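Me: I would like a close look at one part of this model, the place where a charged side chain meets an aromatic ring, together with the spaces and ring contacts that can be described along with it.

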Amino acid sequence: MKTTTLFVLSLLLVVSLPFFAAINYSITFTGSGASTTVGDVVVQNHTKGTTVTVPAGNVLNLSDEPNAVDQFSANDETIRVYPSFEEGKSMVSFFAKQSGVTQINVFGIDGRKTTGITTNLQEGINLFQLSLPKGSFAIQVSSKGFAYSAKMINQIGTQSRPEIVYISLEKSTTSATQKSKSSVFGTITMTYNTGDRLLYKGTSGNYITVVTDIPNTSKTINFDFTACTDGAGNNYKVVKIGTQTWMAENLKTTRYNDGTSIPYVTQSWYYLSTPAYCWYNNDANTYKNTYGALYNWYTVNTSKLAPIGWHVPTDDEWTILEYYLMDNGYNYDGTTKDNMTAKSLAATTDWITYTGTGVIGNDLSKNNSTGFSALPCGYRDDNDPFYDRGLSGYWWSSTGSMSYTSGAVGRSISASNSIVNRLDYSYYIYKASGFSVRCVKN
């Protein structure tokens, strides 16, 4: 008898270990600031180089064993489980193939019944709320004509007693006006391992906000939608990095924030000491929407270039960004010393390929862990020619050179390098040169 008991307990432990170890996080999305509604969310697993789109109103399920938990696509009329949809509360929905008395029971991993309910259901998709403690559970549904089972891991437990509460009939087979499951609580599953860095791009009308995170539990990602509209009416996506909120694309305005026009100059800028902008190679059709405009520093110095509520960053604000990245593991090798963060800022497209360790051009899929999305837009020399498209990107600060009245301070990154360069007069950077511009929120 003792031998049999030990065998059963050993088997239970062997079967249970993978279940306890499995990751099963539920990620929901909210909006705040300029908008509280969230449309589709594009999620990129930066570590794995994979991407999924989570439709509006749906839930993201992160799992290291996506087939181990009974999660189904939004069109499967079977059973779906949404762990920790709210604090200590989960959701389960299933398709009742016919009306009648149905039993729903929840068991702990030790086989003991945690809670249960017996109720009379209508045919169709029925939704229940589960209040459960933290832990791993098995859910069983049974009725005449159908039976389902599913597993779930509840990361955040409730303090109240365990219970199951009927919520609603979400989709009746006799009513075409009911919402389908695909539009309520649908689940999109993404493969995830501990330590993977995720990038979420949330949209709400004209607002686009990028958030990065390394999840270690079920949670809600909030998109702080921020108005970023320039004097010409262009809207920009934004990204929060540390304590700063940056534009996540280059400025392309042809007007100051008071509505007046910025001079468009295609001829030589060599003797120019007044504001001017242009497009790379003077080709708006090819470069405007992707790369933005190139501005001389005199345009930046008007203090009217940035959208209302934003400004061109100072040299010190660029430095704050650089130190935040270094201190928080954004170096290409994950270290927290030295300046090797260029890959974290660079976009995953357009850069020339290089083979050096940790450089931007080596495996573009590993770029852009910050969501900054910097592109190799090149620059306009003060003596006319355009240089470095595909190789480098250059951005102004609002800080003039401390040593030379004809120079100003900027930043650059290159496909062949892993560092962020601080540019001053010693790099032959003149105020009459044409650089890209990123703005930071006031």
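Over which ring does the charged end of R438 sit, and how far is that end from the ring centre?

Reply: The charged end of R438 sits over the ring of F372, 4.2 Å from its centre; a charge counts as over a ring when NZ of Lys or CZ of Arg is within 6 Å of the ring centre and within 35 degrees of the ring normal. The model is predicted, and local features were accepted only at pLDDT of at least 70 and side-chain atom pairs at pLDDT 80 or more, whereas totals for chains, interfaces and linings use all residues. Residues are numbered from 1 along each chain as its sequence is written, and side-chain values rest on heavy atoms, with hydrogens and water left out.

F372 also helps to line the largest cavity, together with W318, L345, W395, R411, S412, I413 and V420. A cavity is a set of points on a 1 Å grid over the protein atoms alone where a 1.4 Å probe fits but cannot get out, a pocket is an open set with protein on both sides within 12 Å along at least five of seven lines, and lining residues have an atom within 4 Å of a point. The space in this cavity is about 40 Å³, a volume being that filled by probe spheres set on grid points joined across faces, edges and corners. Its lining divides into 6 nonpolar residues, 1 polar and 1 charged (Ala, Val, Leu, Ile, Met, Phe, Trp, Tyr, Cys and Pro are nonpolar, Asp, Glu, Lys and Arg charged, and the others, Gly among them, polar). Strand β25, residues 408-414, contributes the largest share of that lining, with 3 residues; helices (H or I, at least four residues) and strands (E, at least two) are DSSP runs numbered from the N terminus.

W318, another lining residue of the largest cavity, is among the buried residues of helix α4, which also include D315, E317, L321, E322, L325 and M326; buried means under 20% relative accessible area, exposed over 50%, and partly exposed in between, with a 1.4 Å probe and protein chains only. After α4 comes G329, whose phi is positive, near 80 degrees.

Y330 has an arginine over its ring too: R197 lies over the face of Y330, at 4.2 Å from the ring centre. With a relative accessible area of 8%, Y330 is buried, whereas Y324 counts as partly exposed because its relative accessibility is 29%.

The aromatic contacts can be followed from here. A search of the whole structure finds 23 aromatic pairs, where rings of Phe, Tyr and Trp (its six-membered ring) pair if their centres lie within 6.5 Å, and planes under 30 degrees apart count as stacked, over 60 as edge-to-face and the rest as tilted. Y324 and Y330 form a tilted pair, with 6.3 Å from centre to centre and 35 degrees between the planes. The pair of Y280 and Y287 is edge-to-face, because the ring centres are 5.4 Å apart and the planes stand at 70 degrees; both of these tyrosines are buried. One aromatic cluster is formed by Y379, Y387, Y394, W396 and F435.

Y280 leads on to the second largest cavity, whose lining it shares with Y291, G292, A293, L294, C377 and S436. This cavity holds about 30 Å³ of space, and its lining comprises 5 nonpolar and 2 polar residues but no charged ones. The structure holds 2 cavities of 30 Å³ or more.

The open spaces can be set beside these enclosed ones. The largest pocket contains about 420 Å³ of space and is lined by 24 residues, with K201, K237, A347, N368 and S373 nearest its centre. At least two lining residues come from each of β2 (41-45), β14 (198-204) and α2 (284-291), and by class the lining has 7 nonpolar, 11 polar and 6 charged residues. The second largest pocket, with about 300 Å³ of space, has 19 lining residues, and H46, N331, Y332, K366 and S369 lie nearest its centre. Its lining has 4 nonpolar, 10 polar and 5 charged residues.

One backbone detail remains, at D363, which lies in the loop between α5 (342-345) and β22 (379-380). D363 has a positive phi of about 65 degrees although it is not a glycine, and its relative accessible area of 38% makes it partly exposed.
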